[in-house]
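Below are some notes on the model you passed along, set out point by point. Please read them with the coordinates open beside you.

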Amino acid sequence: MKNDIDSILNSMFRDGRLNVKSPAAKEAEKALDSVQQAQQGLSASLQESIERMTREAQADMEDLQRQLKSDGVPMDGANNGGNAQDIDTAFEVARQETLAQVIGQEEFVNGLALAFKRPFVAGCAPDTPLCRAALLGGHGTGRRSAVKALAASLGRQGVLKSPKTLELDLAAYSAAGSEKLFVQDLYAALKSGASALVFVHYQACHPSVLPMAAALFSSGTVPLSGRYAEQKGLLVDVGTALAPGAVSRLSAGGKYLFLLGDQELSRLTGAFGGVFVSGLDDVLATGPFTQESLEHIAQLQLKDLADRAGKQLGFSLTFGQEEARALAKAFHPEAGAAAIVEKSQRLYRAMSEEKLRKGLRPPLTAQLKAEDKGLAIAYQGENVSGRLAPPPAGSLASQAELEAVKAELNRIVGLGNVKDYILSLEDAFHMQQLRRQRGLKAEQLSMHMIFTGNPGTGKTTVARAVARYLKAMGALSGGQLVEATRADLVGQYVGHTAPLTQKAIQAAMGGVLFIDEAYSLYRGRDDSFGLEAIDALVKGMEDHRDKLVVILAGYSQEMEEFLSANSGLRSRFPNMIEFPDYSAEELLAITKSIVASMGYRLDPACDVPLLLFYREAQLNGDPRVNGNGRMARNKVEAAVIASARRNMKADEASRDLELLLPEDFNFGPSGK
């Protein structure tokens, strides 16, 4: 027995350990084995993850370095990691290609090429602009074209990441409260991938937006006052809401920034300050064109004209040096070389219109000839020959619209003095254009007007025609008429008036702002809101002299008092046009016109009683209450209703649904 117990104990404590294989012990042993296996597997997995993350980080770093280099950002003063000779060659190719497109501005192009090249030599931090430059010069001197050509060439050669240039028109932010719109547009421009951003028309920018543009050039960033976040590719003001990826500033790192200005550096300094100008990397200016460069530009335009005529019209166009000299004369300082391009385009429109109207078929030969009055084209083909001159300035559609507006004015009854003045605007406008073309001093004519007269004298009707007329003759770009009253311009609390007035001005930009009963804006010196609206209106007229025409309308005496509200008002409205009351005969003609427009006809028996009625109304009534054209329209509308009642009572055979009788106007046998 004792031996059996010893045997059992020896088996349980073999090698100094308890060797009992109970179910619990077996489970514990299995669990221990699983933990040991998991530890071994975890170590292998962790090691693999670390190695994978290391490989990804190295790849990301390599991608970042490649992107910075392709954006034109040298690292630690290096030249993009490439061969310096290759960079020099690329920039020389870009300079030559730009000079081939921008004629007569070699010094400017050379300076601009150096501005593009500087960060590749001196280096540039990734979060700062590659260049911040002001480009000064007159319109049409090639500033935009030079930037676009250089960026396109360098992008095509792979020096820059993108060949694109994007333009931001600061005139789009002329109204108060445009800051958010500017932020959104700037964000889109910075995200667009364009290598160069060109800012234009800073003079028309609202003062609240200018500091943001200045900050972008000075520091390379624009701090955002509100909370913004990107949503579907757009930068959105999220207010107080919590949003992931909130944006606190916009950065122009890796971008070329250019600001276009006129010839006067002092104006740029006045707008942005001397510190801003002195902080720019470059201030470059285009120079005047030489006669040789103008003829070279003209020669290239004629070559392009000949190519287009051959490919699209089947005209084989020939020209000589004399024709290039004649085309070069189209240049004038205000339009720059763009005037030469426009003249060339007019020549092409003349040929295309001739082919269209006469059904000309190729092959055709055409010879451009210089004459005293300019350039003319003689063409010849199989069984056809002829001669044509370029069409007048402006499109055929504009000419047609001009004639349509003139016809509309002629159809307006009376107002002979008003029509004569409106039609005289075209002569004055084209005379100034002619003076500019000949290099003479030309004035920007003020076309702001005041229409005075009683209600119903056609002031609003004429204002609509004036808007269309000014667009058709080229004085305005839009031609829309925006009607406004005091309620549209004057706010109800402090700080509300100026934005309202600016909103109306912005809506009318390129057209006419028509303010009826304008005298109601001024209710005395204590009317601070009304005076604020007038001040904002005067400023808007000054800031947008070539983009906006303002027409004020009201009673004669009240308008005289209104002009005393602001010292600058009277000088800005040199054209005061009086709309006289209509005579009885004119009111009868207006009545007939209204009747016809409504699809009716007037019985001849109505003429005499209507004349007597209008004479008495104009003599004894108050035309300020219900006179002139309004009285005629009210009379016709009442007659239409009376005729409907009369016809409903009559039998079917005797009904005439188009005829208005004296009884419909409530005239009895006596004509009253």
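The points that follow go from the overall chain to its cores, its sheet and its salt bridges.

1. Overall make-up. The model is a predicted one, and its protein chain has 672 residues, of which 43% count as buried. The secondary structure of the chain amounts to 24 helices and 19 strands. Of the contacts between residues at least 6 apart in sequence, 72% join residues at least 24 apart. The chain exposes about 35600 Å², and 52% of that area is supplied by carbon and sulfur atoms.

2. The largest nonpolar core. Which residues touch the most other members of this core? They are F451, V462, L470, M473 and I551, in a core that holds 52 residues. Helix α15, which spans residues 459–472, contributes the largest share of this core, with 8 residues. L470 can serve as an example: leaving aside residues up to four places away in sequence, L470 touches L425, M447, A475, L476 and V549. As background, nonpolar side chains tend to be buried together in soluble globular proteins.

3. A second core. Separate from the core just described is another one of 36 residues, which includes Y173, Y187, L210 and A213. Y173 is also touched by S178, which has V209 as a further contact when residues up to four places away in sequence are not counted. S178 itself lies in the loop between β2 and α6, and S178 counts as buried because its relative accessibility is 7%, against a cut-off of under 20%.

4. The parallel sheet. In what order do the 5 strands of the open sheet run? The order is β2-β3-β7-β1-β8, and the pairing is parallel. The edges are taken by β2 (165–169) and β8 (282–285), each of which has a single partner strand, so one side of each is left without a neighbour in the sheet. From one strand to the next the twist averages 25 degrees.

5. Strand pairings within the sheet. Strand β3, residues 196–200, pairs in the parallel sense with strand β7, residues 256–261, over 4 bridges, and in this pairing F199 has L259 of β7 as its bridge partner. Helix α6, residues 179–191, packs on the sheet and touches β2 and β3, with its direction making about 175 degrees with that of β2. Strand β1, residues 131–136, is likewise joined to β8 by 4 bridges, the two strands running parallel, and here A133 has D282 of β8 as its bridge partner. The edge strand β8 can also be read by its faces, since D282 and L284 are on the covered face, whereas V283 and A285 are on the uncovered one.

6. Salt bridges, and the one between α10 and α11. The count of salt bridges comes to 16. In one of them E295 pairs with R325, the closest N and O atoms being 3.9 Å apart; this value can be set beside the 4 Å cut-off of the criterion. E295 lies in helix α10 (residues 291–313) and R325 in helix α11 (residues 321–328), so the pair ties together parts that are 30 residues apart in sequence. Is E295 buried or exposed? E295 counts as buried because its relative accessibility is 17%, whereas R325, with a relative accessible area of 35%, is partly exposed. E295 and R325 also belong, with E322, to a network of linked salt bridges.

7. Two further salt bridges. E483 forms a salt bridge with R464, with 2.9 Å between the closest N and O atoms. Since E483 lies in strand β14 (residues 481–484) and R464 in helix α15, this pair ties together parts that are 19 residues apart in sequence. E483 is partly exposed at a relative accessible area of 43%, and R464 counts as partly exposed at 40% relative accessibility. The side chains of R601 and E658 meet in another salt bridge, at 3.4 Å from N to O. R601 is placed in strand β18 (residues 601–602) and E658 in the loop between α24 (628–649) and β19 (659–660), so this pair ties together parts that are 57 residues apart in sequence. R601 counts as partly exposed at 38% relative accessibility, and E658 counts as partly exposed at 43%.

Technical notes:
Residues are numbered from 1 along each chain as its sequence is written. This is a predicted model: local features need pLDDT of at least 70, side-chain atom pairs count only at pLDDT 80 or more; totals for chains, interfaces and linings use all residues. Side-chain values use heavy atoms; hydrogens and water are left out. Buried means under 20% relative accessible area, exposed over 50%, partly exposed in between (1.4 Å probe, protein chains only). Contact means heavy atoms within 4.5 Å. Accessible areas come from the Shrake-Rupley method with a 1.4 Å probe; for residues, only the protein chains shown count as cover. A nonpolar core is a set of buried Ala, Val, Leu, Ile, Met, Phe, Trp, Tyr and Cys residues joined through side-chain atoms within 4.5 Å. Two strands pair if DSSP finds at least two bridges between them. Axes are lines fitted to C-alpha atoms, for helices over the stretch in contact, and angles run from 0 to 180 degrees between N-to-C directions.
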